Amino acid sequence: SMATSPDVRPQSAGAPMPTFDLSPRQPIVILTGAGISRESGLHTFRDADGIWARVRIEDVATPEGFERDPERVQGFYNARRRGLLEPEVQPNAAHHALARLEAAWPGGVLLVTQNIDDLHERAGSRNLIHMHGELMKVRCTACGSVTRRDHDVVTGEPCPACGSAGSLRPHVVWFGEMPLEMERIQAALEGCGLFVSIGTSGNVYPAAGFVAEARAAGAMTLELNLEPSHGARLFAEGAYGPATSVVPAWVE
Ligand code: BV8
């Protein structure tokens, strides 16, 4: 007869979201990479259609490349700055979910991003560290001042703070340069109860080493990414899929 329905229901598609025994008073540290901004229309770096498939790191993202050809490097970042200002490039559901988590989590959330875009702050995240710098800022190599910038840097342009000509550079951390605010990040990793890595391939150090540091400090560790990264086995848990579905599902 059809009178009794089966006890066993089909599993919903995809793996269940891992759940942790995390007290609401424990701090969370979240590391994000280019994958979280992919669905906002920005390119990642190491995917097949990524930025490093089109330009060489040595040419555009090293101090040596900038010394050799500053106009080329300024052109690369001018183009990306313009891209970030395109009206269709907006924070997505993953950026918004992390801003909601920060507002609601009693233990505190520190968001550390490798991204130089400003989509986290536009979504409302406030406790945010841009460890690789910010596309919408320039720095003067003469006086050190950092200023906001929403238009192209042109050759020979004077620094708005000190007037020195041709001394502006992108306020980004290139390969071979020290990432920003490392002491604050290290302290947060040592004190966190949960470390979550979102949309990063785990190829670039020191960010790729954060999971090991968090684990050594006793934190739970979770990877959220399109697919398991090559460092996936370093995490206790993982959930995989596009950031706009996986991140809100984890936060809620
Ligand atoms: C330093 C800013 C020390 C500019 C960037 C240890 C071993 C070996 C080498 C080193 C080491 N320690 C340090 C090094 C050297 C080097 C390094 O790591 N080299 C690697 C390549 C071996 N590191 C450095 O030079 C760092 N500095 O260590 O300083 C020091 C000490 C004393 C004195 C001086 C210095 C500085 C590195 C910073 C480089 N700058 N960016 C710019 O953006 O233009 S790094 C570059 O990669 C990117 O900008 C980004 O910030 C970073 C990370 O990339 P990801 O974000 O992970 O992007 P990726 O494309 O790789 O991955 C995307 C992921 O998303 C994928 O997994 C994909 O599956 C996923 N995805 C795609 N779509 C979605 C998705 N996920 C979810 N949803 C989707 N829809």
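Q: Which helix and strands are part of what covers the buried residues of α6?
A: Welcome to this predicted model! Helix α6 spans residues 182-191, and its buried residues are I185, A188 and L189. The cover over the buried residues of α6 includes one helix, α7 (210-216), together with the strands β1 (28-32), β2 (109-113), β3 (128-130) and β7 (194-198).

Q: Why do the buried residues of α6 lie on the same side of the helix?
A: An α-helix has 3.6 residues a turn, so residues three or four places apart point the same way. In α6 (residues 182-191), the buried ones are I185, A188 and L189. They share one side of α6 because the arc they cover around the axis is only 100°.

Q: Which residues are exposed on the other side of α6?
A: Having met the buried residues I185, A188 and L189 of α6, we can turn the helix around. The exposed residues on its other side are E183 and A187.

Q: Is N225 buried or exposed?
A: N225 is part of strand β8, residues 220-225, and a UniProt record (an unreviewed entry) lists it under "binding site". Beyond four places in sequence, its contacts are G35, G199 and Y240. A residue needs 20 or more other C-beta atoms within 10 Å to pass the cut-off. N225 has 25 such neighbours, so it counts as buried.

Q: Which residues does A243 touch, leaving out those up to four places away in sequence?
A: A243 also appears in the "binding site" list of the unreviewed UniProt entry, and its place is in helix α8 (residues 243-251). Because it has 26 C-beta neighbours inside 10 Å, A243 counts as buried. The residues it touches are G35, I36, E39, A94, I198 and G199.

Q: How far apart in space are A239 and M17, C-alpha to C-alpha?
A: A239 sits in strand β9, residues 237-240. It is partly exposed, because 18 other C-beta atoms lie within 10 Å. Along the sequence, A239 and M17 are 222 residues apart, yet from C-alpha to C-alpha the separation in space is 6.4 Å.

Q: Where does the ligand lie with respect to the domains?
A: The shell around the ligand has 35 residues, with G33, G35, T200, S201 and Y205 the closest. By class, the shell holds 16 nonpolar, 13 polar and 6 charged residues. Both domains give residues to this shell, so the ligand lies between domain 1 (20-41 + 90-132 + 179-252) and domain 2 (43-88 + 134-172).

Q: How many residues of each domain take part in the contact between domain 1 and domain 2?
A: The C-alpha centres of the two domains are 25 Å apart. On the side of domain 1 that touches domain 2, there are 2 nonpolar, 7 polar and 3 charged residues. The contact involves 12 residues of domain 1 and, from domain 2, 9 residues.

Q: What share of the residues in the protein chain is buried?
A: Let's finish with the whole chain, which has 8 helices and 9 strands. Its C-alpha atoms fill a box of roughly 85 × 40 × 30 Å along the principal axes. Of its contacts between residues at least 6 apart in sequence, 62% join residues at least 24 apart. Among the 252 residues of the chain, the buried share is 36%.

Key:
Residues numbered from 1 in each chain as written. Predicted model: local features only at pLDDT ≥ 70, side-chain atom pairs only at ≥ 80, totals over all residues. UniProt positions renumbered as here; feature names shortened; annotations may be inferred. Helix = DSSP H or I, 4+ residues; strand = E, 2+ residues; numbered from the N terminus. Buried ≥ 20, exposed ≤ 12 C-beta atoms within 10 Å, placed from the backbone. Contact = placed C-beta atoms within 7 Å. Near = placed C-beta within 6 Å. Nonpolar A, V, L, I, M, F, W, Y, C, P; charged D, E, K, R; others polar. Domains from an automatic or database assignment. Arc of directions from axis to C-beta.
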